[in-house]
Each structure stands twice: as structure tokens, then as C-alpha cells.
Amino acid sequence: MSGDDFSPLAAPVRDLFARYALPELPLFVLGVVTSIVGRAVSLVPPLVLGVAIDALFTPSRDVAYRLPLVPAAWIPGDPRTQLWLSVALILGSLVVGGALTWTQGVSLSLFSNRIQHAVRVDAYRAMQELDMAFFDDKQTGQVMAILNDDVRNLRMFLGSTVSGALQLLATVLGIAALLFYLNAQLAAVTLLGVPVLAVFTVWFMRTIRPRYRALRASIGDLNTRIENNLSGMEVIKTSNAERYENERVGAASWENYLTTWSVAKLEYLYQPSMDLLAGLSFAATFALGGYWLVVGPPPGFSGELLVGEFVTFLFMTQRFVEPLSGAGRIVNSYENARASGERIVDLVERPVSVRDRADAVRPERVEGRVEYDDVHFAYLPGRPVVEGLSFAGEPGETIAFVGPTGAGKSTAAKLLLRLYDVDGGAIRIDGIDVRDLALDALRSNVGYVSQDVFLFDGTVRENIAYGAFEADDEAVVAAARAAEAHDFVRNLPDGYDTRVGERGVKLSGGQRQRISIARAVLQDPAVLVLDEATSAVDTETEVLIQRALDRLTADRTTLVIAHRLSTIRDAEGIVVLEEGRVVERGTHDDLLAAGGLYSTLWSVQAGERATDAVLDRLLRADGSEE
Ligand SMILES: Nc1ncnc2c1ncn2[C@@H]1O[C@H](COP(=O)(O)OP(=O)(O)OP(=O)(O)O)[C@@H](O)[C@H]1O
């Protein structure tokens with residue numbers, strides 16, 4: 001048995017409640033108090049009814065008109081006034097009850113929605129700061145499920161379940177006391193079912209907990225599959241994969257059906273059993289009280305029972321057993337919220353390794369001297385991707401990474417931006433270890449133009465100014481001109497206000513690349529990481545892009561991941577990587593003269609037919625030989 005089984009709230013739910021609910025406590029208290037008072041007020045009609053039956057409507061009329069908690073001196077003596085008092089009390093309690101219900105609804109709804117907003121925003125912020133490694137592993141759908149479904153579950157739990165539980169507790173205790181006040185002997189019979197209900201509820205909670213965890217995970221899996229497919233719709237269609245994907249989505253949905261069913265079948269066993277137990281309590285009370293009225297006190301009972309008293313008692317019993325059977329819903333919502341709470345806490349409190357140090361430095365603008373000093377890195381322990389990489393580039397120089405596919409070129413470049421942190425050695429800019437720079441200062445000084453251009457759904461202007469949000473129109477147009485994008489943008493239906501569609505689908509590959517170059521021009525960083533595009537564009541576009549890139553890289557230190565060697569002939573330094581290690585370095589001419597891997601790559605790109613041995617070497621790093 002785990003420790004938190006003894007606690008009324010499991011740690012994640014408790015922590016989330018403490019962090020988010022405490023600041024909104026006044027609303028919560030208002031909601032709970034009005035709900036409890038509302039419950040109490042709703043007891044007035046049956047109480048008054050019972051009193052009226054015995055004191056006013058029973059012909060013998062030897063019973064005095066008495067109301068609990070009201071001094072006898074305040075009660076009028078005249079039966080007619082007593083009747084109108086009864087009517088007024090019933091009407092008044094209905095009006096007050098309505099007002100209380102409204103207040104309760106509004107305050108609890110405000111309370112839970114504010115919490116939902118705060119939790120969602122915080123969870124998003126925390127998620128955005130997580131290491132890239134998290135996003136490499138975690139599926140989008142799972143994260144979406146946390147930010148949507150799990151946060152919503154928590155809201156429903158905080159908004160109605162917590163207050164519902166407190167209300168239930170108050171009602172059950174209050175009515176139990178009232179039942180004892182009305183008739184202690186009958187009350188003992190009514191309350192007999194409570195321990196049985198409690199034991200049954202504990203069993204239910206234990207059994208349903210793992211099922212809720214599985215259910216929450218299956219929702220994440222299903223979201224992931226659908227999200228993946230939406231992103232890859234073009235591939236699905238062109239690969240005739242619709243049937244295959246129907247089956248995969250069907251399988252994920254079936255898994256979700258099974259987990260939902262495993263929760264539901266337990267719920268539908270629990271809820272009616274609770275209703276039945278509660279009903280049995282009511283039936284036992286009715287049977288014994290009825291016997292008492294018709295025959296006289298049952299064995300073990302003594303005294304007199306009046307009809308009105310019994311009617312009130314039965315109404316109260318009904319009010320007592322009703323919430324008891326509702327305990328099922330509360331427990332159920334709690335277990336659901338607990339599974340969601342665990343997932344939210346797991347996201348929000350996940351340790352982050354790529355973050356600012358306490359004494360991080362924030363230089364305004366760096367000169368741009370870049371130095372890799374014996375850098376080591378592995379995505380997975382024991383599988384090094386970069387091993388002992390060292391080189392230096394002076395401000396304004398271009399350093400090119402060249403090598404077979406999978407050699408670690410992109411990885412080595414991403415380390416400069418701290419998308420990942422090195423495992424060994426150091427990367428320095430102007431002599432400062434990048435881990436000592438504040439992340440925002442580092443990334444505003446190091447631009448990144450990737451081969452997978454990502455545009456956000458929005459206008460061309462918004463996409464160019466992404467990251468340089470304060471740039472004015474003039475600067476945006478100047479950047480577009482420098483990136484050879486101005487002419488085509490001007491010819492788009494709405495010019496700079498044209499929407500590019502999700503991921504920029506409404507633009508061609510070459511157009512997207514030029515927008516991303518314009519983005520970098522506008523950012524104007526001292527250092528640039530340029531992951532050269534591999535996809536072919538037509539010659540004219542290629543010339544435009546090359547001219548734009550030449551302008552972009554002219555006065556800044558550039559690390560270029562080169563796929564076409566013709567573009568880096570003039571680079572000050574070329575680092576040839578193979579399987580994460582530097583195998584050659586030098587200028588284009590040096591490397592050609594050396595006759596090593598670079599010159600082989602060069603001759604292959606120049607159109608010479610590669611021998612099988614050369615092809616093997618070029619592909620080895622990619623694992624293609626296995
Ligand atoms: N996020 C990741 N998680 C785990 N392994 C990765 C990740 N990204 C890349 N790798 C692996 O690291 C190795 C180097 O990849 P990298 O992208 O750096 O190579 P590259 O030289 O840039 O290749 P290419 O020229 O094909 O773009 C590859 O074996 C790849 O499978």
C-alpha cells in the first residue's frame with residue numbers, strides 16, 4: 001500500500017490544489033459555503049411539512065407547532081397564522097435557495113475556470129522550456145492531451161468535485177445529526193449502511209485507479225496518431241495509405257474504447273450498487289417506521305412515533321442517502337483528476353538541463369569568434385554522435401561541415417545554439433562558454449536557417465518578422481529584398497499580408513527558403529548556423545537563393561552544413577566529419593590536394609561515377625550497410 005493511500009488527496013492533486021486553488025480561495029469558500037447553506041435551506045420545506053401535518057392537519061391537534069432552533073416564544077399561537085408562517089417559510093426557502101444556487105454556480109465556475117487558465121498557461125510555459133530531447137521522444141498528441149484533456153479534467157474536479165465533496169460531508173453530517181435529533185432509534189437503522197458504503201468505495205478507488213491511468217494514456221496515443229496523420233496527409237494520399245491509416249487509427253481508437261470500457265464497466269457496477277445500498281437503507285427505515293406506526297414499536301424500540309415526524313424523517317433519509325450514492329461520482333472524478341494531475345505534474349516539474357545558469361552573462365552583441373574545443377555529444381548514452389570535434393572560426397569567417405549523411409554535421413551545429421548541451425569539451429563564442437551565456441542572448445546572437453523551413457500559419461510579414469517582432473514595415477521589406485523575396489511576395493495576392501497556410505503550404509519550397517533567409521537577415525545575428533537545403537530547386541531559384549545567402553553570410557561568422565560542395569569553395573575552413581569524428585580539415589584546395597574523403601565527395605558531386613567502395617564509405621555512417 002503506498003503512503004498516499006492514507007491521505008485524502010494524492011500528492012499531485014494536493015500540490016496542484018495548493019499552487020493554483022489557494023490564490024482563488026475566496027471564490028472557493030464562497031462557493032462551498034453557499035452550497036452548504038443552500039442544502040440546509042432546502043431542508044426547510046420537509047421540516048415545515050412534518051410539523052404542519054402533526055400540529056395543523058391532524059384532527060386531534062394535541063401536538064404543539066414547534067420548529068427546530070426557533071424559540072417557542074417566537075411562534076404565533078393562532079393556527080391560521082401558523083399556516084401562513086409555514087407557507088412563507090416554504091416560499092422564502094425556495095427563493096433564498098435559488099439565490100444561493102446561483103451564487104454557488106457562479107463563484108465555483110469562476111474559480112475552476114481561472115484555475116484551468118492558470119494551469120494551462122503554466123503547463124504550456126513549462127513545456128516550452130523543456131529540453132529538445134523531450135520533444136524528440138514525446139509525441140505531440142500526448143502533450144496536446146495534457147494541455148487540453150488533463151487540464152480540463154482538473155478544472156471539472158476542482159470546480160465541482162471538491163466543493164461537491166465538502167457539501168456531501170456537510171450534508172451527511174448535518175442530516176445525520178438532524179436524524180438523531182428527530183428519532184435516534186430510527187436514525188441508527190438508517191446509518192447502518194454507511195460503513196458498508198465506505199468499504200465498497202475504498203475497493204472501487206483502488207481498482208479503478210490503474211484503469212484511469214491507462215485511459216488517459218490511450219487518449220494521448222489516439223491524439224498522437226491523428227495529429228501525425230494530419231501532418232502527413234500528403235504522404236498518406238500519395239502512398240495510397242488511406243486503408244493502412246484507417247486501420248492504425250482504428251486500432252488506437254479500439255485501444256481507447258477498451259480502456260474507456262474497463263473504466264465504465266466498473267463505474268456502472270459501482271454506481272447502481274451504491275444506489276442499491278442507499279435504497280436499502282431507505283427501505284429499512286421505511287419498513288421499521290411503518291411497522292412502528294401501524295403495529296407499535298418494533299422489538300428493541302420504544303416510545304411514540306407521529307405521522308408528521310415520520311414523514312419528515314423519511315424526507316430527511318432521502319436527503320441523506322441521495323448524496324451518499326453521489327459519493328460514487330465524486331470518487332470517480334477524483335480518480336480521473338488524479339491520473340490527469342499526475343500527467344500535468346510530470347510535465348510541469350520535469351527537470352530541464354538546457355537552462356540559464358544563475359550567473360549567466362548577457363552580452364549585447366558578440367564579435368563572433370566561434371570555437372569548438374574537443375566537443376563530445378551523444379543523443380543516447382553509449383552511442384556518440386560527435387567525438388572530439390575541435391576547430392575555431394574568426395569573426396566573419398565561414399566554416400563548413402562536410403561529410404557523409406548521418407556523420408553528425410547538423411548535430412554539431414545545433415550544439416552551438418544549445419538545442420542540446422555538449423557531454424564533454426566546450427563550445428565558446430568570443431571565449432565565453434555557451435553554457436555561461438543566457439539562452440536569449442545566445443540565440444539572438446546566433447541565427448539559424450534550417451533546411452526544414454518552418455513557417456507559421458500567418459502572413460508573410462509575420463513570418464519574416466518572427467523573432468524580431470518590433471521590426472517595422474520598412475525593415476521587413478529591406479530584409480525581403482536582401483533575401484531575394486521581395487519580388488515574389490509583391491506578386492502574391494495580398495503581398496506581405498498574404499497568409500502562408502499551415503507550415504507555409506501555400507508557398508513553394510524555394511519561396512519558403514527565401515522567407516526564412518529574410519527572417520535571418522532581419523535578426524542580423526553575429527553568428528549564423530546555416531543548414532543548407534538538400535532539396536533541389538530550379539536553377540534560377542537556386543541562383544537567387546545563393547545570392548541571398550552570400551549577402552546573408554557576408555559579414556558574419558557562419559557555420560554551414562554543406563551538402564553541395566560548390567557553395568563552400570571559398571570557405572575559410574572546411575571540417576570533414578565521418579561518424580562524428582574529424583577526418584580532414586583545411587581549405588577546399590588543401591583538401592582536394594590531400595586526395596582524401598573530401599576529394600572523393602567532390603569528384604562524386606562533379607559527376608564522376610563512384611566505385612562501390614566509395615559508395616560504401618559515403619553510406620556507412622547512415623547504417624545502410626546493416
Ligand atoms: N534527435 C535525435 N535523437 C537521436 N538520434 C539522432 C537525433 N538526431 C539525429 N540523430 C542521429 O545522429 C546521427 C547524426 O545525425 P545528423 O543529423 O547530425 O547527421 P548529418 O551529418 O547532419 O546528416 P545529413 O547530412 O543526412 O543531414 C544520425 O545517426 C542520426 O540518426
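A residue counts as near a molecule when its C-beta atom, placed from the backbone, lies within 6 Å of it. With that in mind, welcome to this structure, which is a predicted model.

## Around the ligand

Let us begin with the bound molecule. Which residues surround the ligand? The shell consists of Asp136, Tyr379, Val385, Gly403, Thr405, Gly406, Ala407, Gly408, Lys409, Ser410, Thr411 and Ile561. By character, these residues divide into four nonpolar, six polar and two charged. Helix α11, which covers residues 409-416, gives the most to this shell, with three residues. Keep α11 in mind, because it returns below as a helix that packs on the sheet, touching β3, β6, β7, β8 and β9.

## Two domains

Stepping back, the domain assignment of the protein chain gives domain 1 (10-348) and domain 2 (370-620). Taken over C-alpha atoms, the centres of domain 1 and domain 2 are separated by 58 Å.

## The six-stranded sheet

Strands of a sheet pair through backbone hydrogen bonds, either parallel or antiparallel. Here, an open sheet of six strands runs in the order β6-β7-β8-β3-β9-β10, and its pairing is mixed. Its edge strands are β6 (446-449) and β10 (581-586), each of which pairs on one side only. On average, neighbouring strands of this sheet are turned by 20° against each other, direction ignored.

Strand β7 (residues 527-531) and strand β8 (residues 557-561) pair in the parallel sense over five bridges. Along this pair, Val527 has Thr557 in β8 as its bridge partner, and Leu530 has Val560 in β8. Strand β7 also pairs with β6 in the parallel sense, over four bridges, and Gly447 stands opposite Leu528 in β7.

Two helices can be followed on this sheet. Helix α11 packs on the sheet and touches β3 (398-402), β6, β7, β8 and β9 (573-578); the direction of α11 makes about 150° with that of β8. Helix α19 (residues 597-605) also packs on the sheet, touching β3, β9 and β10, and the direction of α19 makes about 95° with that of β9.

Is β7 enclosed or open to its surroundings? Five of the five residues of β7 are buried, so this strand is largely enclosed by the rest of the structure. Both faces of β7 are covered: Val527, Val529 and Asp531 lie on one side, Leu528 and Leu530 lie on the other, and all are buried.

## The four-stranded sheet

There is also an open sheet of four strands, with the order β2-β1-β4-β5 and antiparallel pairing. At its edges stand β2 (383-393) and β5 (432-433); each has a single partner strand, so one side of each is left without a neighbour in the sheet. Within the sheet, strand β1 (residues 370-380) and strand β4 (residues 424-429) pair in the antiparallel sense over five bridges. Asp373 has Ala426 in β4 as its bridge partner.

## Three acidic residues to look at

A few single residues are worth finding in the view. Glu584 is found in strand β10. Not counting residues up to four places away in sequence, Glu584 touches Val576, Leu591, Ala594, Gly596, Leu597 and Tyr598. One of these partners gives a handy distance: Glu584 and Leu597 are 13 residues apart in sequence and 7.7 Å apart in space, C-alpha to C-alpha.

Two residues have a positive phi of about 50° although neither is a glycine: Asp524 and Glu579. Asp524 lies in the loop between α16 (509-523) and β7, while Glu579 is found in the loop between β9 and β10.

How many C-beta neighbours does Asp524 have inside 10 Å? The table gives the count for Asp524, together with those for Glu579 and Glu584.

| Residue | Other C-beta atoms within 10 Å | Class |
|---|---|---|
| Asp524 | 17 C-beta atoms inside 10 Å | partly exposed |
| Glu579 | 16 C-beta atoms within 10 Å | partly exposed |
| Glu584 | 18 C-beta atoms within 10 Å | partly exposed |

A residue is buried if 20 or more other C-beta atoms lie within 10 Å of its own and exposed if 12 or fewer do, with partly exposed in between. With 18 other C-beta atoms within 10 Å, Glu584 is therefore partly exposed.

Key: Residues are numbered from 1 along each chain as its sequence is written. This is a predicted model: local features need pLDDT of at least 70, side-chain atom pairs count only at pLDDT 80 or more; totals for chains, interfaces and linings use all residues. Ala, Val, Leu, Ile, Met, Phe, Trp, Tyr, Cys and Pro count as nonpolar, Asp, Glu, Lys and Arg as charged, and the others, Gly among them, as polar. Domain bounds come from an automatic or database domain assignment. Two strands pair if DSSP finds at least two bridges between them. Axes are lines fitted to C-alpha atoms, for helices over the stretch in contact, and angles run from 0 to 180 degrees between N-to-C directions. Two residues are in contact if their C-beta atoms, placed from the backbone, lie within 7 Å.
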